[in-house]
Amino acid sequence: MHTLNLTINNSNTGTSSATACDTYSWDGAAYTSSGSYTNTYTNSAGCDSLHTLNLIIHTSPSIPVVTQLFSTTLTTGLYDAYQWYRDGVLLNGETAQNLNLFQAGTYSVVVFNTEGCSSESDPFPFGITAIDELILQEFNIFPNPIIDVLHIRTPQSLGKDYIVLASYG
């Protein structure tokens, strides 16, 4: 007669849910689509353990483009929500599509969709007039005195048109 002492160890199962914008990392893998994903592990008893992840992936809104609507107004496209920044600092209460400007700086906007996903614009400089000092040394300004038209010649293109106003407007 033989006796068999048999121990049966149980496997485990588990389920979790997650919601993310654009991508979700789970156990070293990046997921970009909604769905159910299962991984197999070994539990403390040496048995298989299955875990299922129910994943919802939302798409972030398109990257907003900031444009100057009027001389002191910035705007961007239509989104569900907005948050404006100046020089990387949140502007409290500035949560509309348009932003009225009262100060020079580098502005950006973070936009949101209904799922809470966000995208940030590229920086938009406003009222910043910094020009490299070496380039300034090579400016030619004429005639002197000025009669109706002022000419400014530079050694290289500055990439923009500038308007020069007299101190009285």
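**View 1. Asp-22, a partly exposed residue in a loop.** With a relative accessibility of 36%, Asp-22 counts as partly exposed, a class that runs between buried (under 20% relative accessible area) and exposed (over 50%), using a 1.4 Å probe and protein chains only. Asp-22 sits in the loop between E1 and strand E2 (24–26); strands (E, at least two residues) and helices (H or I, at least four) are DSSP runs, numbered from the N terminus. The phi of Asp-22 is near 70°, a positive value in a residue other than glycine. Most residues other than glycine have a negative phi, and most peptide bonds are trans.

Before the next view, a word on the model: it is predicted, so local features need pLDDT of at least 70 and side-chain atom pairs count only at pLDDT 80 or more, while totals for chains, interfaces and linings use all residues. Residues are numbered from 1 along each chain as its sequence is written, and side-chain values use heavy atoms, with hydrogens and water left out.

**View 2. The disulfide between Cys-21 and Cys-117****.** How many disulfides does the count come to? The count comes to one disulfide, where a disulfide is a pair of cysteine sulfur atoms within 2.5 Å. In this bond, the sulfur atoms of Cys-21 and Cys-117 are 2.1 Å apart. Cys-21 belongs to strand E1 (residues 12–21) and Cys-117 to the loop between strand E11 (105–112) and strand E12 (118–120), so the pair ties together parts that are 96 residues apart in sequence. The torsion about the S-S bond of Cys-21 and Cys-117 is about -90°, so the disulfide is left-handed. Look at the two ends in turn: Cys-21 is partly exposed, at 31% relative accessible area, whereas Cys-117 is buried, at 1% relative accessibility. For another cysteine, turn to Cys-47, which counts as buried at 18% relative accessibility.

**View 3. His-58 and its contacts****.** Here you can find His-58 in strand E5 (residues 48–58). His-58 is partly exposed, with a relative accessible area of 23%. Which residues does His-58 touch, not counting residues up to four places away in sequence? They are Thr-19, Ala-20, Cys-21, Asp-22, Glu-115 and Cys-117, with contact meaning heavy atoms within 4.5 Å. That list includes Cys-21 and Cys-117, the two partners of the disulfide in View 2. His-58 and Gly-116 are 58 residues apart along the chain, and their C-alpha atoms are separated by 8.8 Å.

**View 4. Aromatic pairs.** A search of the whole structure finds four aromatic pairs. Rings of Phe, Tyr and Trp (its six-membered ring) pair if their centres lie within 6.5 Å; planes under 30 degrees apart count as stacked, over 60 as edge-to-face and the rest as tilted. One of the pairs joins Tyr-31 and Tyr-37, which are tilted, at 4.3 Å centre to centre and 45° between the planes. Tyr-31 counts as buried at 14% relative accessibility, and Tyr-37 as partly exposed at 21%. In another pair, the ring centres of Tyr-79 and Tyr-82 are 6.2 Å apart and their planes stand at 85°, so this pair is edge-to-face. Tyr-79 and Tyr-82 are both buried. You can also look for the cluster in which ring pairs link Trp-26, Tyr-31 and Tyr-37.

**View 5. Strand E8 and its antiparallel partners****.** Two strands pair if DSSP finds at least two bridges between them. E8 and E11 run antiparallel and are joined by six bridges; in E11, Val-110 is the bridge partner of Gln-83. Two bridges join E8 to E9, and these strands also run antiparallel. Arg-86 stands opposite Val-89 in E9. E8 and E9 form a hairpin with two residues between them. Asp-87 lies in that loop, between strand E8 (81–86) and strand E9 (89–90), and has a positive phi near 55° although it is a residue other than glycine.

**View 6. Thr-73 and its polar contact with Asn-100****.** Thr-73 is found in strand E7 (residues 73–75). Is Thr-73 buried or exposed? Thr-73 is buried, with a relative accessible area of 8%. Its side chain makes a polar contact with the side chain of Asn-100, at 3.0 Å. A polar contact is a pair of N or O atoms within 3.5 Å; within protein, one must be able to donate a hydrogen and the other to accept it, and residues adjacent in sequence count only if both atoms are side-chain atoms. Leaving aside neighbours within four places in sequence, the contacts of Thr-73 include Thr-67, Gln-68 and Asn-98.

**View 7. A cis peptide bond before Pro-145****.** The peptide bond from Asn-144 to Pro-145 is cis, with omega near 5°. Pro-145 is found in strand E14 (residues 140–147).
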